[in-house]
Amino acid sequence: MASSSAVTSVAIRRRRAFVEAPAESRFDRRLGKILLHATEVFYEKGYEGASMRDLARASGMSLSGLYYYFESKEKLLYLIQKHTFSTIVERLRERLDEVGDSEQRIRVFILNHLEYFLANRKAMKVLSHEAEVLQNGFAAEIATIKREYYRICIELLDDFKRAKRLEFSSRMAVLSLFGMMNWIYTWYNPRVDANAEELSRGMGDIFLRGIGARNQNSTRSKKFKET
């Protein structure tokens, strides 16, 4: 049998884990709410127009309390961007692990992107309009996550090119795809437009047919010359 001291030690560790875990989750939930309120303020007033007092009032914190956790509104914008891009990349990786077909993987990329941003349209506007605000270390960290997201998309397009024996600029295709997806907040109306799944299917059709059009035209021209 285990000694009484060993049993006591295990019991203490378990009690600590029980006590400490909820405290961490409460902090995470609190942080999530603060970032949500900050997103609302940046959405309504813009980054330059929003003050720390506005952000404190919206989050229900005192101004000194907000400064204690976040030394500047730039820190809040950084956390909004970090949370958004990290979440998108993590969800994408999980989904891509379950799909092998090169075309379907591109469609998964589009669906993952649209689902998140349609559920967080205010955050999408803030990210699009305030993309150049962050400086120094904050900017570098967000840029690293963005580059990883871009790299994943480039690899998906390169795999698709090889599988379908197509010729097109992966860079041009990726940037065009991001342009198509990122500006959806300027026109999307949930009362008349399709949901994320249907929208991603249609957008995927347009995009995939577009990048294959050059090869189709080349094939038609070759056949015409041969006749």
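## A predicted nine-helix chain

The mean pLDDT of this predicted model is 84, and 82% of the residues reach 70 or more. Confidence is lowest in helix 1 (residues 4-49), where the mean is 67. At the other end of the scale is helix 5 (residues 102-119), with the highest mean, 96.

Two stretches deserve caution before you look at any detail. Over residues 1-23 the pLDDT stays under 50, and the model has two contacts there beyond four places in sequence. Residues 219-225 also stay under 50, with zero contacts beyond four places in sequence. Where pLDDT is low, predicted coordinates should not be read in detail.

### Overall layout

What does the secondary structure come to? The protein has nine helices and zero strands, and reading along the sequence gives the pattern α-α-α-α-α-α-α-α-α. Of the 227 residues, 38% are buried. Among contacts with a separation of 6 or more, 71% join residues that are 24 or more positions apart.

### Helix 5 and its partners

Helix 5 is a good place to begin, given that its mean pLDDT of 96 is the highest in the protein. Ser102 lies in this helix. Is Ser102 buried or exposed? Its relative accessible area is 12%, so Ser102 is buried. Leaving out residues up to four places away in sequence, Ser102 touches Asp159, Phe160 and Ala163.

Helix 5 also packs against helix 8 (residues 170-182), at an angle of about 30° and with the two axes 10 Å apart. The crossing of these two helices is right-handed. On the helix 5 side, the contact is made by Phe109, Ile110, His113 and Leu114. Helix 8 contributes Leu177, Phe178, Met181 and Asn182. Sorted by character, the residues of this contact are six nonpolar, two polar and no charged.

### Helix 4 from the inside

Two residues of helix 4 (residues 73-96) are worth a visit, and one of them is Thr87. With a relative accessibility of 13%, below the 20% cut-off, Thr87 counts as buried. Where does the side chain of Thr87 find a polar partner? A polar atom of that side chain lies 2.6 Å from the backbone oxygen of His83.

Leu92 lies in helix 4 as well. Its relative accessibility is 0%, and therefore Leu92 counts as buried. Which residues does Leu92 contact, leaving aside its neighbours within four places in sequence? The list is Val108, Phe109, Asn112, Tyr149 and Ile152. For Val108, which is 16 residues away along the chain, the C-alpha atoms of the pair are separated by 7.7 Å. Phe109 appears here as a contact of Leu92, and it also belongs to the contact of helix 5 with helix 8.

### A long-range pair

Arg201 has its place in helix 9 (residues 196-226). This arginine is partly exposed, because its relative accessible area of 44% falls between the 20% and 50% cut-offs. In sequence, Arg201 and Leu111 are 90 residues apart, yet their C-alpha atoms are 7.8 Å apart in space.

### Helix 2 and the positive phi values

In helix 2 (residues 52-59), the buried residues include Met52, Asp54, Leu55, Ala56 and Ser59. Just after this helix, Gly60 takes a positive phi of about 75°.

Most residues other than glycine have a negative phi. Asn136 has a positive value, near 50°, although it is not a glycine, and Arg165 is another such residue, with phi near 55°. Asn136 is placed in helix 7 (residues 136-164), whereas Arg165 is found in the loop between helix 7 and helix 8. Are these two residues buried or exposed? Asn136 counts as exposed because its relative accessibility is 68%, over the 50% cut-off. Arg165 is exposed too, with a relative accessible area of 76%.

### Accessibility side by side

The table gathers the residues discussed above.

| Residue | Relative accessible area | State |
|---|---|---|
| Leu92 | 0% | buried |
| Ser102 | 12% | buried |
| Thr87 | 13% | buried |
| Arg201 | 44% | partly exposed |
| Asn136 | 68% | exposed |
| Arg165 | 76% | exposed |

Key. Residues are numbered from 1 along each chain as its sequence is written. This is a predicted model: local features need pLDDT of at least 70, side-chain atom pairs count only at pLDDT 80 or more; totals for chains, interfaces and linings use all residues. Side-chain values use heavy atoms; hydrogens and water are left out. Helices (H or I, at least four residues) and strands (E, at least two) are DSSP runs, numbered from the N terminus. Buried means under 20% relative accessible area, exposed over 50%, partly exposed in between (1.4 Å probe, protein chains only). A polar contact is a pair of N or O atoms within 3.5 Å; within protein, one must be able to donate a hydrogen and the other to accept it, and residues adjacent in sequence count only if both atoms are side-chain atoms. pLDDT is the predictor's confidence in each residue, from 0 to 100. Contact means heavy atoms within 4.5 Å. Axes are lines fitted to C-alpha atoms, for helices over the stretch in contact, and angles run from 0 to 180 degrees between N-to-C directions. A crossing is left-handed if the near helix is turned anticlockwise from the far one by less than a right angle, and right-handed if clockwise. Ala, Val, Leu, Ile, Met, Phe, Trp, Tyr, Cys and Pro count as nonpolar, Asp, Glu, Lys and Arg as charged, and the others, Gly among them, as polar.
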